[in-house]
Amino acid sequence: MRAAVLHEIGQDKLEVLDDVEAVGFGPGKVRIRVRATGLCHSDLSAMSGVLPQPGPFVPGHEGAGEILEVGEGVGHLAVGDRVVVCWLPACGVCPACKRGQTELCLAGFMNAGTPNFRRPAGDVFGMAGTGTFTEEVVVDAGCAVPIPDDVPFDIAALIGCGVTTGLGAALNTADVEAGSSVAVIGCGGVGISVIQGARLRGAAEIVAVDPVASRREAALRFGATKAVSPDELPDAKQQVTAGEGFDYVFEVVGRSATARTAYDTTRRGGTLVVVGAGAMDDFLQLNMFELFFDEKRILPSMYGGGDILRSYERTIALWRAGRVDLAGLITHRVPLADINEALDQMRTGTALRTCIEM
């Protein structure tokens, strides 16, 4: 079967090969025919080595498809079921799950160390234990979440990561208050989803911050009240908040420099939400006095900071009701053979989300 493979961490191009085999099928597993997958910035981060990922590997963790085969002991799924791929499944029995913090379950991360593809040249890993830039993938049954028949595969793929992360950061982690002021730094697919979440919560002012003009224009269509470049953020802070700072600032880039900017842009007593996934050697510097004196809340948001399955259900309900626009997030579509074109679209910021169609 075909799959897009990164041979070595640090390379910037994928090779689409037809000699890849999905392996590992057995009890507790399912085989999925991938129908659509989105390109998330975390895929680029894994390719560059910012996020830890063994190689060679098949990127992709934001996908949807249908069940081809069900392993022994899997009772809640059947051949033909439509599913979204969940790269962070909850085991249900670990301390984090028992506390209701299923987004902190480590079971899914343990899968990342087991190859789930093979080529004649040797084993190949899957991104975050999944790997959706492929025609088929074998995953734990918990990674396959059934979706209703009325949800298209491309919409379902977005729910698998970016939309859930962005909406959840605003709705779960920050719990944005109606009438508040919000700034969102980084307005790709996840940042736009944060904006939609803040709009749902009734934020009075939502300032989108991004260096790419097309993304700023898109942010206004999705609910931002103002869109500025990073250089214009200080002026926006002055105009919108009289210089005090925003009630909520979301960092959706994953760099210490933008996190520091986000901290400085948050009002005293306000909330900074860190959504972007950054590198382990990129340190955010804060002094002990400002931490004490400013009393700003710093809230990391992992996968939207809430129960993942419930978040999927909520997003589908909001989409059906027309309260969130998911189709509009897909600005480009390419076949798997053109996956490197999709990578370029992400790197240059010309795409909010590119859908890779199988």
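Which residues does the UniProt annotation "domain: Enoyl reductase (ER)" cover?

## Annotated span

The structure discussed here is a predicted model. According to the UniProt record, an unreviewed entry, the annotation "domain: Enoyl reductase (ER)" covers residues 10-352. Within this span, helix accounts for 31% and strand for 24%. The C-alpha atoms at the two ends of residues 10-352 are 23 Å apart.

## The sheet of six strands

One open sheet in the model consists of six strands, and its pairing is parallel. Read across the sheet, the strands follow the order E14-E13-E12-E15-E16-E17. Strand E14 (226-228) and strand E17 (297-300) each have a single partner strand, so one side of each is left without a neighbour in the sheet. On average, neighbouring strands of this sheet are turned by 15 degrees against each other, with direction ignored.

The pairing of two neighbours can be followed in detail. Strand E12 (residues 181-185) is joined to strand E13 (residues 205-209) in the parallel sense over five bridges. Across this pair, Ser181 stands opposite Glu205 in E13.

## The sheet of four strands

Another open sheet has four strands, arranged in the order E3-E8-E9-E5. The pairing in this sheet is mixed. Its edges are formed by strand E3 (21-22) and strand E5 (57-58), each of which pairs on one side only.

At one of these edges, E3 pairs with strand E8 (residues 117-119) over two bridges, and the sense is antiparallel. Here Glu21 is found opposite Arg118 in E8.

## The second largest pocket

Empty space in a structure can be located by rolling a probe the size of a water molecule over the atoms. The second largest pocket of this model holds about 170 Å³ of space. Its lining is made up of 14 residues. Those that lie nearest the centre of the pocket are Pro89, Ala90, Gly142, Val145 and Leu309.

Which elements each supply at least two residues of this lining? They are strand E11 (144-146) and helix H11 (308-320). The largest share, three residues, comes from E11. When the lining is sorted by class, 10 residues are nonpolar, three are polar and one is charged.

Notes:
Residues numbered from 1 in each chain as written. Predicted model: local features only at pLDDT ≥ 70, side-chain atom pairs only at ≥ 80, totals over all residues. Heavy atoms only, no water. 1 Å grid on protein atoms, 1.4 Å probe; cavity = no way out; pocket = protein on both sides within 12 Å on 5 of 7 lines; lining within 4 Å. Points joined across faces, edges and corners; volume = space filled by probe spheres on them. Nonpolar A, V, L, I, M, F, W, Y, C, P; charged D, E, K, R; others polar. Pairing = 2+ DSSP bridges. Axes fitted to C-alpha atoms, helices over the stretch in contact; angles between N-to-C directions. UniProt positions renumbered as here; feature names shortened; annotations may be inferred.
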